[in-house]
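Subject: A structure to look at, with notes

Dear colleague,

Please find the structure below, and keep it open beside this message while you read. My notes on what was found follow it.

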Amino acid sequence: MAMMELAEPGTQPEYHFPPYVSTIARSPRMPLVLLPRAQMEQSGPVFGQGLIGERDNDLTVHHAGDPIGERILVHGRVLDETGRPVRGALVEVWQANAAGRYRHKVDTYDAPLDPNFAGGGRTLTDNNGCYWFKTIKPGPYPWGNHHNAWRPSHIHFSLFGAGILSRLVTQMYFPGDPLQPLDPIFNSIPDAAARARLISSLDMDRSESNYLLAYKWDIVLRGRADTPFEERKQ
Amino acid sequence: MSDRSVRIPASSQTVGPFFRIGLQYLIDRTHLPSIVPEGTIEIRGRVLDRDGLPVPDAMLEFWCGAPKLLSGRDAESGVPEGFRRVATDEKGEFALTIPRPVAEASSDAYLLVLVFARGLLRHLITRMYLEDEVRSDSDAVLLRVPPERRATLIARADEKQAGLYWWDVVLQGTGETVFFAW
């Protein structure tokens, strides 16, 4: 019986990773149960345009004034494992402000909140699998994992592709950030090339003179988007 | 042997403690109604860690599968009826309603559940079956689970309220929930 194909070794973090202290009491220790491929879920939710407001992918326009920080465009394509675009993929993001502060009650870092920045956004990919967000570059911030621990600048991403097994929650990083080699969350991914794939690249082609810098980040989701669930079942 | 993939899927990273900033809107869109509609079940439970302590910052996504549940309402709201996103409160508790799942020939009625939290570098995948709908030896997945651990996948039917089920997710330790490799 064909078994579920698992992730390429080293490309996904292990659940138990003690340098990231919160994994210690929250990661399962019993063996994960391997299922025959036929028993794994093929279907998944498909989201519609009704979920998305017109400017939900522009994090800079929802308040009276402009947010403080480096204005940036983050864009890219969502692709499946065969390199085909994933159309209509729901992409959700959240992030800290330019000072490294989240607008969230459990963030106790004393950096200032920005009255003009909430830090959440969402969009659906277009017919070419493309997405974009306009935002400000998030700052690094301290966290309680170990003495003098600082997270590198990052934007949280949540994606739904074709089928629930393509679900992905991850973080996008910025090029040239010296905090990355020190960060246990980033370094929980054993494979260096896989870590590098979470780092966006500066994109001068999409940057706009006197206005904003652009960063490009393509995201590969598990599975194949070209075979809808209904066809695969037959 | 299936065809080899040409691209390697992106690595997972934790959802962290601040996910509500970007993900709360969909929790709100699929929130608990005051009256539980017909054909719908209610699920209540907790997420617990190794020490039995509540996990107050977990997010769960429930999927009752199948395009058969798509309806005209989905197109308007943009959210399929068979999908729910919930987050735990300060007591580690969650609650939701969702269409009652349907059994098939080789599968008892179940919901697929994804578990996200600070401290989970990759989300967990599990299933929730309904106590009063589990047939003996008919579900190919339950049969692969060691018998002594099967109960962790089965939600308990409330003794008084029909359609209400209780189900806890234990991330580690005594009574650890069965999670699937993926």
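Before the findings, one term is needed: a nonpolar core is a set of buried Ala, Val, Leu, Ile, Met, Phe, Trp, Tyr and Cys residues that are joined through C-beta atoms within 7 Å. Please also bear in mind that this is a predicted model, for which the predictor gives the complex an ipTM of 0.95 and a pTM of 0.95. For chain B the mean pLDDT is 90, with 88% of its residues reaching 70 or more.

With that term in hand, the largest nonpolar core has 100 residues, and those with the most contacts inside it are Val78(A), Leu159(A), Leu111(B), Val115(B) and Tyr129(B). Which element gives the most to this core? That is strand S5(B), which supplies seven residues.

Chain B as a whole has two helices and nine strands, and from the N terminus on its elements run α-β-β-α-β-β-β-β-β-β-β. Of its 182 residues, 47% are buried, and among the contacts between residues at least 6 apart in sequence, 68% join residues at least 24 apart.

It is worth following strand S5 of chain B, residues 110-117, a little further, since seven of its eight residues are buried. Strand S2 of chain B (residues 58-63) pairs with S5(B) in the antiparallel sense over six bridges, and in this pairing Phe62(B) has Val113(B) as its bridge partner. S5(B) is also joined by six bridges to strand S6 of chain B (residues 124-130), again running antiparallel, and there Leu111(B) stands opposite Met128(B). The hairpin of S5(B) and S6(B) has six residues between the strands, and in it Gly119(B) takes a positive phi near 95°.

Tyr129(B), one of the core residues with the most contacts, touches several residues that are more than four places away in sequence, among them Tyr110(B), Val134(B), Leu142(B) and Ile154(B).

Finally, there is the meeting of the two chains, where 71 residues of chain A are in contact with 59 residues of chain B. On the side of chain A that touches chain B, the largest share, four residues, comes from S8(A), and the residues of that side divide into 37 nonpolar, 22 polar and 12 charged. Elements that give two or more residues to this side include strand S7 (154-160) and helix H2 (229-232) of chain A.

With best wishes

Technical notes:
Residues are numbered from 1 along each chain as its sequence is written. Chains are lettered from A and ligands numbered from 1 in the order in which they are written. This is a predicted model: local features need pLDDT of at least 70, side-chain atom pairs count only at pLDDT 80 or more; totals for chains, interfaces and linings use all residues. A residue is buried if 20 or more other C-beta atoms lie within 10 Å of its own, exposed if 12 or fewer, and partly exposed in between; C-beta atoms are placed from the backbone. Two strands pair if DSSP finds at least two bridges between them. Two residues are in contact if their C-beta atoms, placed from the backbone, lie within 7 Å. pLDDT is the predictor's confidence in each residue, from 0 to 100. Ala, Val, Leu, Ile, Met, Phe, Trp, Tyr, Cys and Pro count as nonpolar, Asp, Glu, Lys and Arg as charged, and the others, Gly among them, as polar.
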